[in-house]
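Student: I would like a close look at a single part of this model, taken slowly and with the surrounding elements kept in view. Please choose one strand and follow it outward to its neighbours.

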Amino acid sequence: MGTPPPTGIKQILKEALKTKTGMAAVIILGMMILMSASIPFYSPVNFVKRWNDLKSWYEYPSLAAPVWVKWFTGTNLPETIDLTSKHFRVTEEEISGHYITTYTAYFRYTYDDYPSELKALIKTDIKGKPVRLNIIFIRPDGEEINLFNGLVSSGQTTFDISLDPKLQKNIARFVYEKTGTVPEVIRPEIILFSKSPSKYGNEAASSNVLRGRYIVKFQVLSDKKISAEPRFIVYGKVYGFAGTDLYRRDLWLGILWGAPVALAFGTVAAIATALLQVIIGAAGAWFGPKWDELVQRIADFFLIIPVLPILILISVIYKVTIWSLLGWVIVFSVVGVSSKIARSITFQIREEQYIEAAKTYGASKTRMLFYYVIPRIMPFTFALVALNVPTYIFLEASLSFLGLGDPELPTWGRILGDAYSAGALYQGYWWWVILPAFMIMLVSLGFTLLSYAFDKIVNPRLREE
Amino acid sequence: MGMATFIAKRALILTLTLMFSVYMTVVIANFGGYVDKLLRDQITFDVTTALSRDPNFAKLSQEERQKLIEQRIEAKIRAAGLDKPFLERSLIQFTQALTLNLGRAAFLRSSSGSKAIADIIMERLPRTVLLFTLGTIMAAGIGIFLGLVQARKALSKFDRIMIVLEIFTYVQPAWFYGILFILIFAFYLRIFPSGGMVSIPAPTEPVAYFLDVLYHLALPLITWIFASFGYWAYTTRNIVLQTMEEDFVTAARAKGLPERIILWRYVLRPSSPPIITGVAFAIVFSWTGAIITETVFNWPGIGLLFWEAIAALDAPVIIGLTVILAYLIVLTVLALDIIYGILDPRLRVMR
Amino acid sequence: MMKKILVTEDLVLYYRTSRGPVRAVDHVNLWVEDGSSLAVVGESGCGKSSMAYAILRILPRNVHSYSGKIIFDGVNLMDLTDEEMRSKIRWRKISMVFQGAMNTLNPVIKVGDQIIEPLLIHAGYKKEEALREAREAVKNVGLPEYVLDRYPHELSGGMKQRAVIAMALLMKPRLVILDEPTSALDVLTQANIMNLLKDLKERERLSYIFITHDLALASELADYVAVMYAGKIAEIGSAETIYKNPRHPYTQKLIGSVPTLRSEKVLEFIPGAPPDLVNPPEGCRFHLRCPFAKDICKRREPPLIKVDNDHVACWLYGGE
Ligand SMILES: Nc1ncnc2c1ncn2[C@@H]1O[C@H](COP(=O)(O)OP(=O)(O)O)[C@@H](O)[C@H]1O
Ligand code: SF4
Ligand SMILES: [Mg+2]
């Protein structure tokens, strides 16, 4: 009963795309491909290198949630305010042979929450003697805090206001002068932006944030004229579409980059292993019982050895890259479900007449295998290939999750692994986990639907009559 | 072919495959001798640090010290059998492994401090069985039930939605759900603990201990079931549906047999051998645990042991684990061949 | 005139598919004289098996429509409930031998247990009595008794087919439908089974519907022949007239394409392909392949016209 399934590869693709599930799959996977194709517009060419160069991300906030969290929570969470040298107004004074250069910048702070971190940077071009630098922070209420007063040498100097104990002492002094007590924990990013001195040091509610115009001054005192590039960064608590990780990396870029890596790895692995399995399975059935026996023994072998632990072992010792991993995956999948399918179909085909006819024409056995048999088997593996793409993506993700994946490429699994080992699950850095996880799920949903669409055409038990 | 010859032939083939697999594991786990080098380094390090703490050692001259160090190292290396070439060592390990003489771990210990691999494995196995075997059985139960329901309502809207859902949930590995579930149920909802097998400190009273383990078991168990029920449902559905379309079912209908008899004798009975095989295999494979799932849930079972052994490059433990599991798998395959032969007479000739 | 054991009137069975309804049985009228055999002949895919399933009401999930009258022994089967069909008609009155001989037997149940099932269920036999009957029945089809104790895979194709025939005859039904009972067998076994069927026909005085794509084979057993084309009856009449004096152009082609008796050949000599049953050609379904096609053939479907004792659906024989 039932009509025979279409056999041409093109025909199957065409029919699969006509079904609703097929269309949904194409939309999802098309989005992924568009995302991959958009990468050149979004991210610098040397992105892969930059992703691993943690120092290059210093201007991003650490562990910032995605920007859109604001819309859901209704609180206006702070975004990063980056005052670069072009924001600073320069005034110069000369007093008895000394030059005082003052760089002044201001910013408006209207958010409902404190910044996550503060940093001041200065780059000077003087040679030789260090110069004296004074960093002054003026709040909307007119309070003036001297953050730093001391010598800096040439080149770039970074003041980690939130972490540097020397600077924290200055802030503690400010609190002491206001309240007569010294807070136990000094959190400059809170104290400097807090309304009431009584609550200094408490990570208090948004009502306590002092909104308004803040002024930052860098005063450089030296005996010659100098030029300097000051910078002041008020790190926010939200950043970009996907937030940032502990290492300040923009997760959206990592997630974007994960798409082509995952698609390429999954697709190549799935197609390559399916082809190999089909050839081996079909060859076993085609060339007679001895070959078949050999293929069956290989299958038994892979049944007995624990493949994943051994892959993990290999990754531990050899430090795989994504391409060597691909190689190992192929080695470990020479036989599998596709070879079983190929085997049983080949047995059927062997009985058929036109093969008999081809034999009498004297076509060579190997030629027949590749020209008649394998093309006829392939359609039956389509559904499996589509399903294996996410399986291989997850295999890569598993290794990356354990920190054993490609050491260079940002992959979704690696982002998840980083999140896991940084304790994201137990600290609630959900965006670090949910977003890459969502991407993997989207891809696997796309391929699941595609697989179902293929299966419906080839497999009569799914065909919608 | 009679049943006995059939079983004998299968047993012989499986034994040969087992031997080959075990030897390959020995070679891979030792990385063709790389692990031996690590062990030698370890001995050198142990000997030098031990001696340097010895006050008498410092009194010796430079030359004497060097000599003493070399002697000690050599003695230890010989005691460990590391002086023999790798080929010979691999053959020794191979025979020991085959005879289930698992020996001692290179680095790892059981929580009671034993270095005997059998102790280490036996300490972990029950925990893995508790989580994964139980989970597999429950997932298979739920899945098979669902699959049967779907087969009855084949191609209905329910069936089609379930198929996509089942394939989709099955494609993602359990650890992946694990991290999501920990985030949702442990961190946000605080319904379950985020990992481990018992609280720290563990309750001393047995009932409390048992309940505590159950409490810790719940989330990983749910995760495992969620990640695997789809496979059972989908396969069962397809197998049953395939049987339902066999000519002999149509013939049974033409014979005027009541639907109940058709369902049991003509559909479920011929469908059961492949499903039973699948369940049996899954149960055996559940003993290998799951490396990443156990890591994510910090569940101290076989999977985590595998990971610890790999991370420490503890070849004897890796080999020991592999061999035990290989034996279990081979025995299962044989047992299944026998059961299969009884349940499904077709196979006796087909294999 | 003899009594008609079975008459179908406007029997319809369409299947629902994504491309539209498949008109596998499309207003089929045929009849079987009591104690005689009717061969239903046609290319594969023309709806022969569907017609058999329609008579026994063994329908797949995707039925689009199922209607008409099936008058069996004076009763319209369409009026019976499913339960009545199951317990009163199937196997007691009408039994069937299926196309795929190899797969008609449940592989995990012993042959004997399968043969006696209808006796236990329909006739309330004890197992012992039923087995006694079964032993008789297998002897009757030339099989040794021990086959009852075997699993299907332990028998050869020919033995299985004999067992299936024994099973079909066990309840002494009034009508046996044989759906290509020999097409899955090799030539020698095929001949043996044909001889058995001829033999049984003589001995048991049964009515048969013998379905085949092989006109030559049909001639060995049939008293009457119905030629089916694309879900419809093209011609129905006594075997003699059909073979000696085929009227329908399609039947003529069929006869012409049979080189010898007992040919193995599939009917592939007629130019053109059998029509798609989802979108059958308008008018006469054969007109695209018919050398005598007239104008009217393209527009209107020919009715079954009585010519002498034969019935033909062709505009060459009247109407209009
Ligand atoms: N369950 C079904 N669903 C859809 N189409 C079917 C089904 N069963 C049979 N068909 C189609 O109906 C037509 C008639 O089939 P069948 O009765 O088996 O023909 P025959 O027995 O003459 O070879 C064929 O085109 C076949 O593909
Ligand atoms: S009706 Fe017309 S087309 Fe059809 S068979 Fe007769 S002559 Fe040919
Ligand atoms: Mg048929």
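Tutor: What follows is a walk around one strand of chain C, and then to the metal site and the cysteines of that chain.

The model is a predicted one, and the part to begin with is strand β7 of chain C, residues 175-179, which is mostly covered, five of its five residues being buried. The side chains of L175(C), I177(C) and D179(C) point one way from β7(C), whereas V176(C) and L178(C) point the other way, and all of them are buried. This is the pattern to expect, because side chains in a regular strand alternate between the two faces of the sheet.

On one pairing, β7(C) is joined to β6(C) by four bridges, and the two strands run parallel; within this pairing, S95(C) stands opposite V176(C). β7(C) also pairs with strand β8 of chain C, residues 207-212, again in the parallel sense and over five bridges, with D179(C) standing opposite I211(C) of β8(C). Between these two strands the chain passes through helix α6 of chain C, residues 187-204, and the resulting β-α-β crossover from β7(C) to β8(C) is right-handed.

Returning to β6(C), residues 94-97, one can follow the chain into the loop between that strand and α3 (111-122) of chain C, where Q99(C) lies. Q99(C), through its OE1 atom, and S49(C), through its OG atom, coordinate the magnesium ion, ligand 3, at 2.0 to 2.6 Å. Because S49(C) belongs to helix α1 of chain C, residues 48-56, while Q99(C) sits in that loop, the pair ties together parts that are 50 residues apart in sequence. The two residues can also be described by their exposure: S49(C) has 17% relative accessibility and therefore counts as buried, since the cut-off for that class is under 20%, whereas Q99(C), at 34%, counts as partly exposed.

What, finally, of disulfides in the structure? A search over all chains finds zero of them, and for C46(C) the nearest cysteine sulfur, that of C284(C), is 14 Å away, while a pair would have to lie within 2.5 Å to be counted. C46(C) is itself buried, with a relative accessible area of 5%, and C297(C) is likewise buried, with a relative accessible area of 9%.

Methods:
Residues are numbered from 1 along each chain as its sequence is written. Chains are lettered from A and ligands numbered from 1 in the order in which they are written. This is a predicted model: local features need pLDDT of at least 70, side-chain atom pairs count only at pLDDT 80 or more; totals for chains, interfaces and linings use all residues. Side-chain values use heavy atoms; hydrogens and water are left out. Donors are N, O and S atoms within 2.8 Å of the metal (3.2 Å for Na, K and Ca); water is not among the atoms, so sites may look incomplete. Buried means under 20% relative accessible area, exposed over 50%, partly exposed in between (1.4 Å probe, protein chains only). Two strands pair if DSSP finds at least two bridges between them. A crossover is right-handed if, with the strands pointing away from the viewer, the path from the first strand over the helix to the second runs clockwise.
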